[in-house]
Amino acid sequence: MLIRSLRFRYRPVAAHLIPIRRCNLSCAYCNEYDDRSAPVPTADVLRRIDRLSALGTGVITLSGGEPLLHPDLDVIVRYIRQRGAIATLITNGYLLTRERIERLNRAGLDHLQISIDNVLPDATSKKSLKVLDQKLSWLAHCAEFDVTVNSVVGGGINVPEDALTIAQRARSLGFSTTIGIIHDGTGKLRELDERQRVVLEHVVALGKSVFDFANYNRFQKNLASGLPNDWHCRAGSRYLYICEDGLVHWCSQQRGYPGIPLDGYGADDLRREFHAVKRCAPFCTVGCVHRVAQVDELRDDPEATLVQWFTGAAHRQQPRLPAPVRLLMWAFVRNPGRDLFRKVAAGMSGGGRRE
Ligand code: SF4
Ligand code: SF4
């Protein structure tokens, strides 16, 4: 998927597809759910997957609302796999049972992200470790797909250290961990205080994903300090958000732009949105779009990108960089024969052939 993404500039790396807007929870900071809408008809969801596949989308993530409320979710997951994309799911986990996990195994799910906000439920969020720990155990025993546990720090989260407790529990079960920075109740991103920043750094240091380590250095470190990021958001092109009505939007936080039906979305739209400047970019916290942008930065300038990603320490104790990162740094940056590695990488990403 990564090589294909590096090779073709105007094809979507990832898309979020909403099979249902309804959610069984009502987190105080969330603007992505309602409590009444019906599931999107399965035939419509499958047609949208066909269209995403025709556009060359690498990863299709089912999100919501709560996607496990869709009665045909297994059919949808299986169809994504049949169309050659990676199938992933973002869930609050409440509806997971052993039997439900087995069904997701059989459908061929590649990856599941479960979001946990606090250790004990409170007025902001019921996505708590107390409620979800049993689900994590079932996932550890039954899931044949990869699992990431996402915790959050920032506005509305009462005990910042909860994120670290959640991440430690997730790592003890062998899961990957990520951490997001969220806005306060007014939608504003505020500079994290010292306590929150320490937690953020510790959770990043626990993670095992090279991209998430890079994401901290590239984006989260600035946001935590209340500073803007200088980057080009490629939403609407390399990342698509498909709402329940089948319209393409930049992302969950910028619905309405461009707001074009997926059925008619084509090469001209992908090219236009790739180059469009998004004014919301400097203080954007949408992690999945940051990660997609990193693919393009890596494509355009591998050496500078790797240096930028990995020269800052995520933790005050200066953790040892992950082995794959050290290998990349050696191959592309420090090795006297690095020109050879760069030529090979350029060949894998399409060489001089640029879309
Ligand atoms: S569980 Fe997710 S979709 Fe549902 S209200 Fe909370 S954040 Fe929103
Ligand atoms: S910068 Fe962030 S908020 Fe703005 S369109 Fe891109 S992903 Fe969405």
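At what angle do helix α6 and helix α7 pack, and how far apart are their axes? Let's begin there, keeping in mind that this is a predicted model. Helix α6 covers residues 162-172 and helix α7 covers residues 194-206; they pack at an angle of about 10°, and their axes are 9 Å apart. Angles under 35 degrees count as roughly parallel, so α6 and α7 are roughly parallel to each other.

Now look at the residues that form this contact. From α6 come A163, L164, A167, Q168 and R171, while α7 brings V199, H202, V203 and L206. Sorted by character, the residues of this contact of α6 with α7 are 6 nonpolar, 2 polar and 1 charged.

Why describe the pair in this way? Two packed helices are described by the angle between their axes and the distance between the axes, so the same two quantities can guide us through another pair.

That pair is helix α3, residues 73-82, and helix α4, residues 98-107. Their axes come within 8 Å and cross at roughly 30°. With the cut-off of under 35 degrees, α3 and α4 are therefore also called roughly parallel to each other. The crossing of α3 past α4 is right-handed. Where do they touch? In α3, look for D74, V77 and R78, which meet R103, L104 and A107 in α4. The residues of this contact of α3 with α4 divide into 3 nonpolar, no polar and 3 charged.

Next, let's turn from helices to strands. Strand β4 spans residues 111-115 and runs parallel to β5, with 5 bridges joining the two. To find your place on this pairing, pick out I114, which stands opposite V149 in β5. Is β5 mostly covered or mostly uncovered? Strand β5, residues 146-154, is mostly covered, as 7 of its 9 residues are buried. As a general point to carry with you, in a regular strand the side chains alternate between the two faces of the sheet.

Finally, there are two details of the backbone to look up. One is the peptide bond that joins G64 and G65, which is cis, with omega about 10°. You will find G65 in the loop between β2 (59-62) and α3, so following the chain on from there takes you back to a helix you have already met. The other is the peptide bond from Y257 to P258, also cis, where omega is near -5°. P258 itself is found in strand β9, which covers residues 258-261.

Key. Residues are numbered from 1 along each chain as its sequence is written. Chains are lettered from A and ligands numbered from 1 in the order in which they are written. This is a predicted model: local features need pLDDT of at least 70, side-chain atom pairs count only at pLDDT 80 or more; totals for chains, interfaces and linings use all residues. Axes are lines fitted to C-alpha atoms, for helices over the stretch in contact, and angles run from 0 to 180 degrees between N-to-C directions. Helices (H or I, at least four residues) and strands (E, at least two) are DSSP runs, numbered from the N terminus. Angles under 35 degrees count as roughly parallel, over 145 as roughly antiparallel, 65 to 115 as roughly perpendicular and the rest as oblique. A crossing is left-handed if the near helix is turned anticlockwise from the far one by less than a right angle, and right-handed if clockwise. Two residues are in contact if their C-beta atoms, placed from the backbone, lie within 7 Å. Ala, Val, Leu, Ile, Met, Phe, Trp, Tyr, Cys and Pro count as nonpolar, Asp, Glu, Lys and Arg as charged, and the others, Gly among them, as polar. A residue is buried if 20 or more other C-beta atoms lie within 10 Å of its own, exposed if 12 or fewer, and partly exposed in between; C-beta atoms are placed from the backbone. Two strands pair if DSSP finds at least two bridges between them.
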